[in-house]
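Here are a few exercises to help you find your way around a new structure. Take a look at the picture first, then work through the steps.

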Amino acid sequence: MNKKNKEKIQQTLLDKIKDKTAVIGIIGLGYVGLPLAIHFGGKGFKIIGFDLDTRKIDKILHGESYIKHIPAKPIQEMVNQRQFDVTINFDRLNEADCILICVPTPLTAKMEPDLSYLLDTTETISKKLRSGQLIVLESTTYPGTTEEMMLPRLETRDMQVGKDFFLAFSPEREDPGNKQFNAANTPKVVGGVTDACLEVAAALFNCITRAVPVSSTRAAELTKLLENTYRSVNIALVNELKILAHRMGIDLFEVINASATKPFGYMPFYPGPGLGGHCIPIDPFYLAWKAKEFDFVTRFIQLAGEINVSMPYYVVERTQEALNSHKKSINGSRILVLGIAYKKDIDDERESPGYAVMKMLLEKGADVIYNDPWIPKLKPTRKYDFKMESVPVSPEELAAADAVIIVTDHSAYDFDEIVKHSSLIIDTRNATLGVTEGREKVFMA
Ligand SMILES: NC(=O)c1ccc[n+]([C@@H]2O[C@H](COP(=O)([O-])OP(=O)(O)OC[C@H]3O[C@@H](n4cnc5c(N)ncnc54)[C@H](O)[C@@H]3O)[C@@H](O)[C@H]2O)c1
């Protein structure tokens, strides 16, 4: 292939992106892939979504959303206008000009990166890869993944990266339930395997937001891990200080809010029952794992992990102390856990610290029930299998419980009513701050 032809491939793709005739394929239609489809669709691109989960495919084809904070309306509109097609038929990958990969990147039971979803996807793409396609990895991963794990599976003698096809990494910054920031007003960091890859990928993301180019895919991969490690470390700091402040008889939430009045050099992070979600408890361990290859121990990540993992234990310890003040033990007590989602107002319970709290309480002989307005049933996870259904937060359920633990401070909860009808509350979120009557029943944890 001569130089002129190679440049033509890139220019054709850039033109298609510019005039929005490029077809966007999105692999993995979960918390990241679905909103991305909606944002590109909103800009006039045709989208083909790929997923292995046929329930998700069916819902989209019926114009429905399966994620609480994502409305059905834009999905309906896109499907009705034949702008959004979804399928499990991966042969159709060759219809897409730009392929965005949004599959899970979890940890194995031994806390090592599980790239199986990504590698399966890469193998599938490699079988269908055609000239003029852009592949972008969106899933969070360790520095080196795009070039070490994907590139060798995609590049052949006839299909050269940066010439025949383009490969980039652009981390997703989705914050489920965040009403202020979304894909449209959050800049998107992009790193390409070659300059041409970067140019094409940046052109694509400039269609939905401001692309922030960096010099390599590794830099882009590490950018995401820095952002999430920063959160993990700062949350660990306030979680540790919460325990100290409690011993000192100081309200750490009051201290954090006072510190937050400093207009420079401080950003507030709040303590809680431990980390949850698909990102903060997992991503730093991707970096810690890769660091070993460089004879390097990431001590901050290790320490933050230890503190954050210990927080559900602290919640159980405080529950024990609270019950003790009522001359009761965990063993035999009926305990109502409020909120199993890992943060307020979302329906995602992955890695929720509420699970760890419930497991310990059950092991200690408690009669545990839970409520979550957004999670009516507990599905089996890799670690837990509770087979429970959410109970209503009625005056009767609250009064029947020996203790009520607030794990997630959903806006749907009326904390005045909760305190009024409960005999003992363990508050891990400072959710009862505004409650004036019955405060003596509240134990902070
Ligand atoms: N959830 C977040 O807030 C968030 C934020 C930023 C980054 N991320 C990262 O984005 C990635 C995806 O996370 P998520 O929360 O959207 O996960 P998710 O579990 O909600 O969605 C992943 C989807 O991929 C599908 N899938 C799995 N294997 C597949 C395959 N081989 N082919 C096609 N589809 C497949 C699943 O069925 C699922 O629908 C992860 O790397 C995560 O760390 C997530």
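What follows is three short exercises, each with a worked solution.

This is a predicted model, where local features need pLDDT of at least 70, side-chain atom pairs count only at pLDDT 80 or more, and totals for chains, interfaces and linings use all residues. Residues are numbered from 1 along each chain as its sequence is written, and side-chain values use heavy atoms, with hydrogens and water left out.

**Exercise 1.** Work out the strand order of the open sheet of 8 strands and find its edge strands.

*Solution.* Start with the terms: strands (E, at least two residues) and helices (H or I, at least four) are DSSP runs, numbered from the N terminus, and two strands pair if DSSP finds at least two bridges between them. Reading across, you get E3-E2-E1-E4-E5-E6-E7-E8, with mixed pairing. The edges are E3 (84–87) and E8 (211–214), each pairing on one side only. Next, zoom in on E2 (residues 46–50): 4 bridges join E2 to E3, and the two run parallel. One pair to look for is Ile 48 with its bridge partner in E3, Asp 85. Finally, helix H5 (residues 116–128) packs on this sheet, touching E1 (23–27), E4 (98–101) and E5 (134–137); touching here means heavy atoms within 4.5 Å.

**Exercise 2.** Now do the same for the open sheet of 5 strands.

*Solution.* The order is E10-E9-E11-E12-E13, and the pairing is parallel. At the edges sit E10 (367–371) and E13 (442–444), each paired on one side only. Inside the sheet, E11 (residues 403–406) and E12 (residues 425–427) are joined by 3 bridges. Ile 406 has Asp 427 in E12 as its bridge partner.

**Exercise 3.** Which residues come nearest to the ligand, and how much of the ligand's area does the protein bury?

*Solution.* First, count the shell: 26 residues surround the ligand, and Val 32, Asp 51, Lys 56, Thr 105 and Arg 350 come nearest. To belong, a residue needs a heavy atom within 4 Å of the ligand. Second, check the polar contacts (pairs of N or O atoms within 3.5 Å). A ligand oxygen is 2.6 Å from a side-chain N or O atom of Asp 51, and a ligand oxygen is 2.7 Å from a side-chain N or O atom of Lys 56. Third, look at the area: taken alone the ligand exposes 820 Å², and the protein buries 92% of that, using the Shrake-Rupley method with a 1.4 Å probe.

Terms used. Polar contact = N/O pair within 3.5 Å; in protein donor to acceptor, adjacent residues only side chain to side chain. Axes fitted to C-alpha atoms, helices over the stretch in contact; angles between N-to-C directions.
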